[in-house]
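Below are a few points for your reading of the complex, set out one by one. Please go through them with the coordinates open.

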Amino acid sequence: MPMTIKKSEPRVKVLIVDDESDVLNLLETWLTTENFDVKRALSGAEAINLVGIYNPDLVVTDLYMDGMDGMALLTELHNDDPLLPVIMLSGQAQIPDAIKAMHLGTSAFLTKPINQNEFLETVKRVTPSLINKSILNECTKNIIYKSKEMSDIIEMASLVADNDVSVFISGATGSGKEVIAKAIHEASSRRNHRFIAVNCGAIPEQLLESELFGHEKGAFTGANVKHEGLFQAANGGTILLDEIGDMPLALQVKLLRVLQDFEVRPVGSTKTYPIDVRLISATHKNLEEAVENREFREDLYYRLKVVPLEIPNLADRTDDIPLLAEHFLANYAKSNKQDNKKFSPDAMKYLAGMPWPGNVRQLMNVIDLCATLSKNKTIPLSLVKKAVHDDPIHIQTLKEAKQAFERGYLLSVLRITHGHVANAAKIAGRNRTEFYKLLNQYNIQPASFRDKKHAEKEVN
Amino acid sequence: MSDEKIIIQVDPDLEELIPGFLENRIADIAKLRASLNDKDYANIQSIGHSTKGVGGGYGFDLMSELGAEIESAAKENDADKIGEKINQLDDYLQRIEIEYA
């Protein structure tokens, strides 16, 4: 018989907090029987004192307690360690409490009286003895990397994926903030619902509120139909507010309220609608500086930045460049039904040494350009140099920037009016003929914004 | 009210906890009666809430149900119903017999 040496694993440390000693007795017995190490606290304040000494792997707390309640304890604990798993127990099965607790970063919410099996299964599920491999795999599925810098980011993203805590992604333009946000969504239990990315900087201030929260019929000129808004459209899923630093102050207040109450009130409506959306925000701006300059609300900043993820510049993770280059070449070949090309060794070395101010997006454009221009299977250094030099998207001309804005604007008004051209033209302050001309210029089809119900109305 | 015993099966792991747990519940009955006398509905609601939260975990499901009923009657300041439910809880506590299995 082969001899096995069993390595004793360190016991998982659980801090249990409740102002009822009978509840603590029960939880302690259940946990110690399952070989957990347990410490108990009769109040939130006692728990805070114990955390520094005991350093628990998991905290289980009651929601309603005198003095510091479970929600305040959770906030305090996550100020020091945003990834510390917390299970919240409540005598009331109130959905808003549960949603709020989940958004504040609770790993699970259980209703009393607690069932032993359900409790122990939950404890085992959220205990971070090892990173959940399947979540990590989901996160890495669509991300090309091998550098330590990206590996750290992905590990952090995996830890927060299946937890509704607010994630704040910072990084330069083109560094892949949306890719990471999408990966978090795909690895979370929200993956079967929608992932909606909104660029707050690309939508005019007056339209952004309606885009996000919706509007009632007649809320403003041109609003002839009710519009649902992206928060409601993303219900159950994830919303990415990209370039959040560009959000106007007046709207920041409204967003903060949504995050506090988990409900939205469409423009022109007296009714609020509950929403259950995981929020990820991103920006290339230095938001701390914006807070100091009073351009961004401090309370909102801290609400968004529970878990910060900083995506490194491509030039700071040069190990990833060859992998990315090969990946983009393969993608190009596939979508153009061509044989796969490759870079000569000196060309690849040159790519890896470039500063890449436009990051991954710029690299992708350069690779596409190289693949298009190269007549040979091996792409030489001279062609790479030319493509880098000619990279047309690196800095847009004023005309290109204006056109990009105009197109984004047209898409926004059409989304809000559900493709109703007359209403969209009214909002834009143009007559219908001029508006149609603009749509033609950008090859935008208003019909693609109409749903069946609204299309019928317009015909009638 | 009947004198018939109510057999409750409890996990043997909890054996050491049960006497103290039941003593606390008997003490709660006295507190509930005193609070009802003082019309202190907030305290009754709080004790009802705790009883609801703790009973089922130990295996006393009816205790949780009665706790919930006391809590909701206290929210409505319904003294008659509270009195009735305290009596039921008291009767239940006197009739239970524990089997560790």
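1. In this predicted model, chain A is built from 21 helices and 14 strands, and of its 460 residues 38% are buried. When the contacts in chain A with a separation of 6 or more are considered, 70% of them join residues that stand 24 or more positions apart.

2. For chain B, the predictor's confidence averages a pLDDT of 93, and 98% of the residues score at least 70. Among the elements of chain B, the lowest mean pLDDT, 90, belongs to strand E1 (residues 6-10), whereas helix H4 (residues 79-95) has the highest, 96. As a general caution, predicted coordinates should not be read in detail where pLDDT is low.

3. Turning to the interface, which draws 15 residues from chain B and 11 residues from chain A, I would look at helix H1 (18-37) and helix H2 (41-58) of chain B, each of which supplies at least two residues of the side that touches chain A. The largest share of that side of chain B comes from H2(B), with nine residues.

4. What is the make-up of the side of chain B that touches chain A, in nonpolar, polar and charged residues? The residues on this side of chain B divide into eight polar, five nonpolar and two charged.

5. As for the complex taken as a whole, the predictor assigns an ipTM of 0.86 together with a pTM of 0.57, and I would ask that both values be quoted wherever the contact between chain A and chain B is discussed.

Technical notes. Residues numbered from 1 in each chain as written. Chains lettered and ligands numbered in written order. Predicted model: local features only at pLDDT ≥ 70, side-chain atom pairs only at ≥ 80, totals over all residues. Contact = placed C-beta atoms within 7 Å. Helix = DSSP H or I, 4+ residues; strand = E, 2+ residues; numbered from the N terminus. Nonpolar A, V, L, I, M, F, W, Y, C, P; charged D, E, K, R; others polar. Buried ≥ 20, exposed ≤ 12 C-beta atoms within 10 Å, placed from the backbone. pLDDT = per-residue confidence, 0-100.
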